[in-house]
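Please look over the sequence and the structure shown here before reading on. The paragraphs below go with them.

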Amino acid sequence: MDNDELVQNMLLELRRGVLSVAVLSQLSHEEYGYSLLKALSEKGMEIDQSTLYPLLRRLESQGLLQSDWRIVDEARPRRYYVISPQGKAVLSKLKKEWSMMTATLSQMLS
């Protein structure tokens with residue numbers, strides 16, 4: 001495996017760990033999948049639909065999100081997601097841990 005391939009694999013691993021935190025952080029108000037994709041993209045976090053929807057289902061099965069189906073403006077049904085009370089508690093802890101890790105890494109890498 002060459003260096004470029006190693007770097008790409010390591011970046012994928014890092015990204016997988018960050019996506020859950022990014023998604024939870026954007027669901028303080030209800031969003032449906034596509035609107036969440038756009039919100040994440042506007043903030044610089046690109047994510048494929050094929051990654052987002054399984055992640056949303058997993059976070060919901062873990063009790064971190066709540067969802068319901070709705071029809072708005074006679075459009076097709078959309079599933080709206082919002083962070084659950086448990087998700088808020090978990091996100092708070094993850095944010096603290098993230099801050100500590102990034103501070104430590106900044107020190108180590110400078």
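What follows moves from the whole chain to single helices, strands and residues.

The model is predicted. Its chain has four helices and three strands, and from the N terminus on these elements run in the order α-β-α-α-β-β-α. Taken along the principal axes, the C-alpha atoms fill a box of roughly 55 × 35 × 25 Å. The chain has 110 residues, and buried ones make up 26% of them. Among the contacts with a separation of 6 or more, 47% are accounted for by residues 24 or more positions apart.

The outside of the chain can be described in a similar way. About 7,900 Å² is exposed, and carbon and sulfur atoms supply 55% of that area. The chain carries 14 positive and 14 negative charges, and the mean positions of these two sets are 8 Å apart.

Helix α2 is a good place to begin with the parts. Helix α2 covers residues 33-42, and its buried residues are Gly 33, Ser 35, Leu 36, Leu 37, Ala 39 and Leu 40. Which elements do the buried residues of α2 pack against? They pack against two helices, α1 (3-25) and α3 (49-61), and against two strands, β1 (31-32) and β3 (78-83). After α2 comes Gly 44, which has a positive phi near 95 degrees.

Next comes the loop between α1 and β1, where Gln 26 lies. Is Gln 26 buried or exposed? Its relative accessible area is 16%, and buried means under 20%, so Gln 26 counts as buried. Leaving aside neighbours within four places in sequence, Gln 26 is in contact with Glu 31, Leu 36, Leu 40 and Lys 43. Of these, Leu 36 and Leu 40 also appear among the buried residues of helix α2. The side chain of Gln 26 also makes a polar contact, at 3.1 Å, with the side chain of Ser 25.

Ser 25 leads on to a part of the chain that is distant in sequence. Lys 95 is 70 residues away from Ser 25 along the chain, and the C-alpha atoms of the two are separated by 9.2 Å. Lys 95 is found in helix α4, which covers residues 85-109. With a relative accessible area of 49%, Lys 95 is partly exposed.

The strands bring in the aromatic residues. The structure holds one aromatic pair. The rings of Tyr 32 and Tyr 80 have their centres 5.5 Å apart and their planes at 70 degrees, so this pair is edge-to-face. Tyr 32 belongs to strand β1 and Tyr 80 to strand β3, so the pair ties together parts that are 48 residues apart in sequence. Tyr 80 has a relative accessibility of 10% and counts as buried.

Arg 79 also lies in strand β3. Why does Arg 79 count as partly exposed? Its relative accessibility is 29%, and partly exposed residues fall between 20% and 50%, so Arg 79 belongs to that class. Leaving aside neighbours within four places in sequence, Arg 79 is in contact with Glu 31, Tyr 32, Gly 33, Glu 60, Ser 67, Asp 68 and Trp 69. With one of these, Ser 67, Arg 79 makes a side-chain to side-chain polar contact at 2.8 Å. Ser 50 is 29 residues from Arg 79 along the chain, and the C-alpha atoms of these two residues are separated by 16 Å.

Conventions. Residues are numbered from 1 along each chain as its sequence is written. This is a predicted model: local features need pLDDT of at least 70, side-chain atom pairs count only at pLDDT 80 or more; totals for chains, interfaces and linings use all residues. Side-chain values use heavy atoms; hydrogens and water are left out. Buried means under 20% relative accessible area, exposed over 50%, partly exposed in between (1.4 Å probe, protein chains only). Contact means heavy atoms within 4.5 Å. Accessible areas come from the Shrake-Rupley method with a 1.4 Å probe; for residues, only the protein chains shown count as cover. Lys and Arg count as positive and Asp and Glu as negative; His and the chain ends are not counted. The place of a charge is taken as NZ of Lys, CZ of Arg, CG of Asp or CD of Glu. A polar contact is a pair of N or O atoms within 3.5 Å; within protein, one must be able to donate a hydrogen and the other to accept it, and residues adjacent in sequence count only if both atoms are side-chain atoms. Rings of Phe, Tyr and Trp (its six-membered ring) pair if their centres lie within 6.5 Å; planes under 30 degrees apart count as stacked, over 60 as edge-to-face and the rest as tilted.
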